[in-house]
Amino acid sequence: MRNLLVLSMGLIGLLCIAPFGWSAETPDTILIRKTLGDEATGWRTGNVRQIVSQYASPFTGYESYGSPDPKAWRVRFGDRRDFEAFCKEALSKTRYDISRTPLYFDIRAVEKDRAIVVAEETGFRIARKEGGQKTAVHEAAQLWMLKKVDEEWKITGFVRLMDEAKQAGASDQGAVEKVIQKEMEGWNASDVGKIVSGVASDFTGYEAYGKADLKTWKVTFRDPDEWKAFCKKRLDRTAYELKRTMVSTDIRGKKALAVVEESSKTTHRETGGMLASKHRDLWMLAKVGGGWKITGFIKRFEVTE
């Protein structure tokens, strides 16, 4: 088994560890720390119910394979039931003595109901079998995605190094790619309806700002309505010419990840000023009612190769 990272967080850590980019704790950072702390305490005490209760529905877990490049990331858990089964199996074989330190928070500035957190975990995994082999673990940059539900923060997704990740088939690869390309066609045609037609109701958008450092990423769009309003505003002012090439696609059951390389030319409608750029985006999708929908994206991450 490989590096399942969990937490033992006490009151001192909760009150005294200030996250990067924040001058002080806020009620929301304290509540988020509690959610991540309660999840990890479940691992330390072997309490599956406590672990799973910190997660929202829908939820998707992603495997990083130790790589900072989203091209290498894969879908690991399609929903809470999938994750719960993993937790039960892992805890039957291993005890966990791991410490987690949140390093960075980005909480949506207006509604304050969407967040991403970067955390570091260190410690040990101890085999339950005779001999109790002890293995040191260290994961320097976990990415957690959360939303506020009834005044509590719940985990909607993560990117972590998990135990015994399994590759999945790609039977729906063409359908996934079609949704992403249709979104592009909407930009080229200045058709807001076509752009947002493939977006799921639980959509959240993130921005990497051309950087690989997770501690610079932000929550940019909290739901489809905010994304639609942004698209309309942009298209009122700017014409787009986009081209997309699929770099990688991973599908596990009803969840998918895709990395796309995009070339763009934009023209300001009044001044005629033009800009050109090339970047990569990570798309997160789910199968809804027999078709694929976009549940999120991370725009403009740094290419590490």
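This passage describes the strand pairing, salt bridges and aromatic contacts of a predicted model. Residues are numbered from 1 along each chain as its sequence is written, and side-chain values use heavy atoms, with hydrogens and water left out. Because the model is predicted, local features need pLDDT of at least 70 and side-chain atom pairs count only at pLDDT 80 or more, whereas totals for chains, interfaces and linings use all residues.

Helices (H or I, at least four residues) and strands (E, at least two) are DSSP runs numbered from the N terminus, and two strands are taken to pair if DSSP finds at least two bridges between them. Strands of a sheet pair through backbone hydrogen bonds, either parallel or antiparallel. In this model an open sheet of 6 strands, with mixed pairing, follows the order E8-E7-E12-E11-E10-E9. Strands E8 and E9 stand at the edges with a single partner strand each, so one side of each has no neighbour in the sheet. From one strand to the next the twist averages 30°, where axes are lines fitted to C-alpha atoms (for helices over the stretch in contact) and angles run from 0 to 180 degrees between N-to-C directions.

Within this sheet, E10 (residues 255–268) and E11 (residues 274–288) are antiparallel and share 13 bridges. Threonine 267 has methionine 274 in E11 as its bridge partner, and lysine 255 stands opposite alanine 286 in E11. The hairpin of E10 and E11 has 5 residues between the strands, and glycine 272 takes a positive phi near 80° there. E11 also pairs with E12 (residues 291–301), again in the antiparallel sense, over 8 bridges, and methionine 284 has glycine 296 in E12 as its bridge partner. Here the hairpin has 2 residues between the strands, and glycine 289 in the turn has a positive phi of about 60°. Helix H5 lies across E9, E10, E11 and E12 and runs at about 170° to E9, contact being defined as heavy atoms within 4.5 Å.

Side chains of opposite charge can pair when their charged atoms come close. With a salt bridge defined as a side-chain nitrogen of Lys or Arg within 4 Å of a carboxyl oxygen of Asp or Glu, the count comes to 27 salt bridges. Burial is assigned from relative accessible area (buried under 20%, exposed over 50%, partly exposed in between; 1.4 Å probe, protein chains only). Arginine 244 forms a salt bridge with glutamate 183, the closest N and O atoms being 2.7 Å apart. Since arginine 244 belongs to strand E9 (residues 238–252) and glutamate 183 to helix H5 (residues 173–188), the pair ties together parts that are 61 residues apart in sequence. Arginine 244 is buried at a relative accessible area of 9%, and glutamate 183 is buried at 2%.

A salt bridge also joins the side chains of aspartate 106 and lysine 218, at 3.4 Å from N to O. This pair links distant parts of the chain, with aspartate 106 in strand E3 (residues 94–107), lysine 218 in strand E8 (residues 218–221), and their positions 112 residues apart. Aspartate 106 is buried, at 9% relative accessible area, whereas lysine 218 is partly exposed, at 31%. Arginine 222 and aspartate 223 meet in a salt bridge of 2.8 Å, N to O, and both belong to a network of salt bridges that links them with Glu111, Asp113 and Arg114. Arginine 222 is buried at 17% relative accessibility, as is aspartate 223 at 16%.

Rings of Phe, Tyr and Trp (its six-membered ring) are paired if their centres lie within 6.5 Å, with planes under 30 degrees apart counted as stacked, over 60 as edge-to-face and the rest as tilted; the count comes to 24 aromatic pairs. Phenylalanine 83 and phenylalanine 158 form an edge-to-face pair, 5.7 Å centre to centre with 70° between the planes. This pair links helix H4 (residues 80–93), which holds phenylalanine 83, to strand E6 (residues 152–160), which holds phenylalanine 158, across 75 residues. Both phenylalanine 83 and phenylalanine 158 are buried, and both belong to one aromatic cluster whose other members are Trp43, Tyr55, Phe59, Phe77, Phe86, Tyr96 and Trp144. The charged end of arginine 160 sits over the ring of phenylalanine 158, 5.3 Å from its centre, under the criterion that NZ of Lys or CZ of Arg is within 6 Å of the ring centre and within 35 degrees of the ring normal. Lysine 134 likewise lies over the face of phenylalanine 124, at 4.4 Å from the ring centre.
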